[in-house]
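Work through these exercises with the model open beside you. Try each task before you read its solution.

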Amino acid sequence: MCKTGILPFAAEHLDAVSRLERECFSEPWSRAQLEAALTDDRMRLFVAVRNGQVAGYAGMSFVLDEGSVTDIAVFPQFRNGGVGRALVQRLKQCSSALGLSFLTLEVRASNGAAMALYQSEGFVPVGRRRGFYRNPAEDAVLMTWTNAAK
């Protein structure tokens, strides 16, 4: 297995991440929204790079001591190779460094693979948001990771 590097999201990653958003999400962030996130002090975004290619990306926003995962996405050809796990671990490290008490996320109720990954990384299901997703309509499972170091 090749090593995955996790880097801060930068302008040079915009095209690849914009393409990834369109490929993975029914309501993707626009390139302009991604570009605006580069300078948002309340956001942290990271890219996973494998063999010189963007393999995935993840982002989080935060207010006071509360964090929220905005997106985690991995290109299909890089799935099941540790990229998603590396991104989740980087978000948790960032949360700890920022002194956040917890990090929450929403995941489609049908996305068992993602839920299994999040649970293996210490996220716990804490609720359900009925009808949260569109295209197709689906509930979201709300999951939270509590920063034990806090």
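Two terms come before the first exercise. Contact means that heavy atoms lie within 4.5 Å. Buried means under 20% relative accessible area, exposed means over 50%, and partly exposed lies in between. Keep in mind that this is a predicted model.

**Exercise 1. The buried side of a helix**

Task: Which residues of helix α1 are buried, and what do the buried residues pack against?

Solution.
Step 1. Find helix α1 at residues 14–24.
Step 2. Pick out the buried residues: Leu14, Ala16, Val17, Ser18, Leu20 and Glu21.
Step 3. Look for their packing partners. The buried residues of α1 pack against helix α2 (31–37) and against the strands β2 (43–50), β3 (53–63) and β4 (66–74).

**Exercise 2. The sheet**

Task: In what order do the strands of the open sheet lie, and which are the edge strands?

Solution.
Step 1. Trace the 7 strands across the open sheet: β1-β2-β3-β4-β5-β7-β6. The pairing is mixed.
Step 2. Go to the edges. β1 (5–8) and β6 each pair on one side only, so they are the edge strands.
Step 3. Follow the twist. It averages 25° from one strand to the next.
Step 4. Add the helices. α3 (residues 83–98) lies across β1, β2, β3, β4, β5 (102–108) and β7, and runs at about 30° to β3. α4 (residues 112–120) lies across β4, β5, β6 and β7, and runs at about 165° to β5.

**Exercise 3. A hairpin**

Task: In what sense do β6 and β7 pair, and over how many bridges?

Solution.
Step 1. Locate β6 at residues 124–133 and β7 at residues 138–146.
Step 2. Read the pairing: antiparallel, over 6 bridges.
Step 3. Check two partners. Tyr133 bridges to Glu138 in β7. Pro125 bridges to Met143 in β7.
Step 4. Inspect the turn. The hairpin has 4 residues between its strands, and Asn135 in the turn has a positive phi of about 55°.

**Exercise 4. Two residues compared**

Task: Are Phe132 and Gly81 buried, partly exposed or exposed?

Solution.
Step 1. Place Phe132 in strand β6. Its relative accessible area is 39%, so Phe132 is partly exposed.
Step 2. List what Phe132 touches, leaving out residues up to four places away in sequence: Glu106, Glu138, Asp139 and Ala140.
Step 3. Place Gly81 in the loop between β4 and α3. Its relative accessibility is 15%, so Gly81 counts as buried.
Step 4. Take one distance for each. The C-alpha atoms of Phe132 and Glu12 are separated by 32 Å, at 120 residues apart along the chain. The C-alpha atoms of Gly81 and Asn51 are separated by 13 Å, at 30 residues apart.

**Exercise 5. The largest pocket**

Task: How many residues line the largest pocket, and which element gives the most to the lining?

Solution.
Step 1. Start with the volume of the largest pocket, about 1100 Å³.
Step 2. Count the lining: 32 residues. Phe25, Ile72, Asn111, Ala114 and Tyr118 lie nearest the centre.
Step 3. Sort the lining by element. α1, β4, α3, β5, α4 and β6 each supply at least two residues. β4 gives the most, with 6 residues.
Step 4. Sort the lining by character: 17 nonpolar, 7 polar and 8 charged.

Terms used:
Residues numbered from 1 in each chain as written. Predicted model: local features only at pLDDT ≥ 70, side-chain atom pairs only at ≥ 80, totals over all residues. Heavy atoms only, no water. Buried < 20%, exposed > 50% of the residue type's maximum accessible area, 1.4 Å probe, protein only. Pairing = 2+ DSSP bridges. Axes fitted to C-alpha atoms, helices over the stretch in contact; angles between N-to-C directions. 1 Å grid on protein atoms, 1.4 Å probe; cavity = no way out; pocket = protein on both sides within 12 Å on 5 of 7 lines; lining within 4 Å. Points joined across faces, edges and corners; volume = space filled by probe spheres on them. Nonpolar A, V, L, I, M, F, W, Y, C, P; charged D, E, K, R; others polar.
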